[in-house]
Amino acid sequence: MIGKVRRGGRVAGLLRYLYGPGKANEHVNPHLVAGWRAPDELEPPRADGKRDFTRLITLLRQPCAAIGEAEHVWHCIVRAAPQDRDLTDAEWAHVAREVMHRTGLASYGQEAEAVRWVAVHHGDNHIHIVATLARQDGGKARTSNDFYRLREACRAVEAELGLRRTAPGDRTAPKRPTRAEREKAGRRGWSQIPREGLRRQVAAAAAAALSPEDFLGRLAQVGVRVRLRRRDDGEVVGYAVALDHHRTVAGALVWYGGGALALDLTWPKLCARWRGTPRDELREKVAAAARDARDEQEFFRRLAEQGVLVRLRHSRTHPGQVTGYAVSLPGMTRTTDRDGRGSGEQIWYAGGRLAGWLTLPRLRHRWRTGGEDWTRAEREALYGEASRAASAAAARIRQDPSSAADAAWAAADALRVAAAALGNPVLAKAAEEYERAAHTPFGRIPTPSPEGIRLRSAVRLLALSGVMGRDTTLTGVVLVGALASLVAAVADLRRVQQHAAQAAAARQAANRLLTQVTVSATPPSHPQPVRLPQDPPGQSESTAREPRHGW
């Protein structure tokens, strides 16, 4: 059972529509099933073959007139699932009273003090609840969070009447496009609705970005317009995004704030993703500089521009020759130990301690050969680290479910980055399916965990390598297998937490990932070709297609 709330300002027009034939004569036998008084007392009488709404409209308007408020109408549509049985008028009356009670507009026992309302049933297994937002005792009706209270009422009635169970309104589902957005996309022939396309692009950029600046740069690369909101001191506190082709009738861009795309895409929650340990931050900055630099001089210049401290190591036999380097960040110092030593001492990391492919000899080889792509060893190192981080996150979820929320959230970023790095549409679909399972109820930000931080850092480095080549197919399969295990652990976690919708989303994504691993890791059978079901009967074996393996 689902419900929708609308606002209006003309109770008379709404009642006449509900009792009318409808837009396509779909309204059958319209009548009241419930109200703040007995339905028989409130039912509009017939006069000369037509309904007379004068008395009912006057009664509904009276509380607004009594307190001198303009007429405000609360309109709620409650519909049973197509698979459900047809409910009786008595059952629909119970549904209406439960909705009014749980939303706080007309609690049980307050019929004479709360708002005035009626419920109209005109076929097709749904009702319309119409209320004027002024209380009979002279107070103002409160409608805060009415949609979520409506969702609670629907779920309670489902359990009581044995109807099809629907998901809770816990704000974990992505925000759906409006009807107007869907119809506009259809008229224009767009392949995807702008809100959904922007959500995918923003989420992918946030998962791969090393910093707010990198995030904004990635959005610009894919053609997304960005508008920042700043405080008086210049600090960024929000943002909005738009697509060039999505404009109003007047030609202005249609902007969406991050929170209008998904609850975890607001600016503060994005910044929470980019927080990591100082070592992770240092490694990401060095890796980014190594990716973009074309020679040694440019590499060290880029490090300095990012605020990285650099200490060079020189040859003992040739003092002018640089043989290595170490890096640090301002404020990265040792704390005082039990013996009082180490206070204020700068912590340095050689390139090889951050990653084996960040040593100066390896970087020089890259610059000398002019190679812009990652080598096979470098790719295997990146994919291997991401696989280990995913496995560690899965273990954390299974061992300590109470502190696993951050690891489950980080898994969404891992799936998005892996899908982009592997160029695999199956993984992209799994990332979309998993999205709801990653969220905590009501948009809360999970407490950071070592496993979550490590996983995000690993996939951000993976994003630096771009789309993989054929030489890393096996490591890609291993990574997807680790992600499948991680998502399966999240599915078990959500099931234990009794979050049915999130558990179902995670299980669906896990099954898709496991299927992909099986197909990719199974060698094709030879020499017998496999005829697909869509091949026409009698097709010769010479033209039959074989299954695709790998990525």
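User: Which residues does Phe 299 touch, not counting residues up to four places away in sequence?

Analyst: Happy to help! This is a predicted model, in which local features need pLDDT of at least 70, side-chain atom pairs count only at pLDDT 80 or more, and totals for chains, interfaces and linings use all residues. Residues are numbered from 1 along each chain as its sequence is written, and side-chain values use heavy atoms, leaving out hydrogens and water. With contact meaning heavy atoms within 4.5 Å, Phe 299 touches Val 286, Ala 289, Ala 290, Ala 293, Tyr 325, Leu 363 and Trp 367.

User: How are helix 7 and helix 16 placed relative to each other?

Analyst: Helices here are DSSP runs (H or I, at least four residues), numbered from the N terminus. Helix 7 covers residues 194–208 and helix 16 covers residues 405–422, and they pack with axes 9 Å apart at about 100°. Axes are lines fitted to C-alpha atoms over the stretch in contact, with angles from 0 to 180 degrees between N-to-C directions. Angles of 65 to 115 degrees count as roughly perpendicular, so helix 7 and helix 16 are roughly perpendicular.

User: Which residues of helix 16 do the alanines of helix 7 meet?

Analyst: Good one to look for in the structure! On the helix 7 side are Ala 203, Ala 204, Ala 207 and Ala 208. Their partners in helix 16 are Asp 413, Arg 416 and Val 417.

User: How many disulfides does a search of the whole structure find?

Analyst: A disulfide is a pair of cysteine sulfur atoms within 2.5 Å. The sulfur of Cys 76 has its closest cysteine sulfur in Cys 154, at 7.0 Å, which is too far for a bond. Searching the whole structure, the number of disulfides found is zero.

Conventions
Helix = DSSP H or I, 4+ residues; strand = E, 2+ residues; numbered from the N terminus. Parallel < 35°, antiparallel > 145°, perpendicular 65-115°, else oblique.
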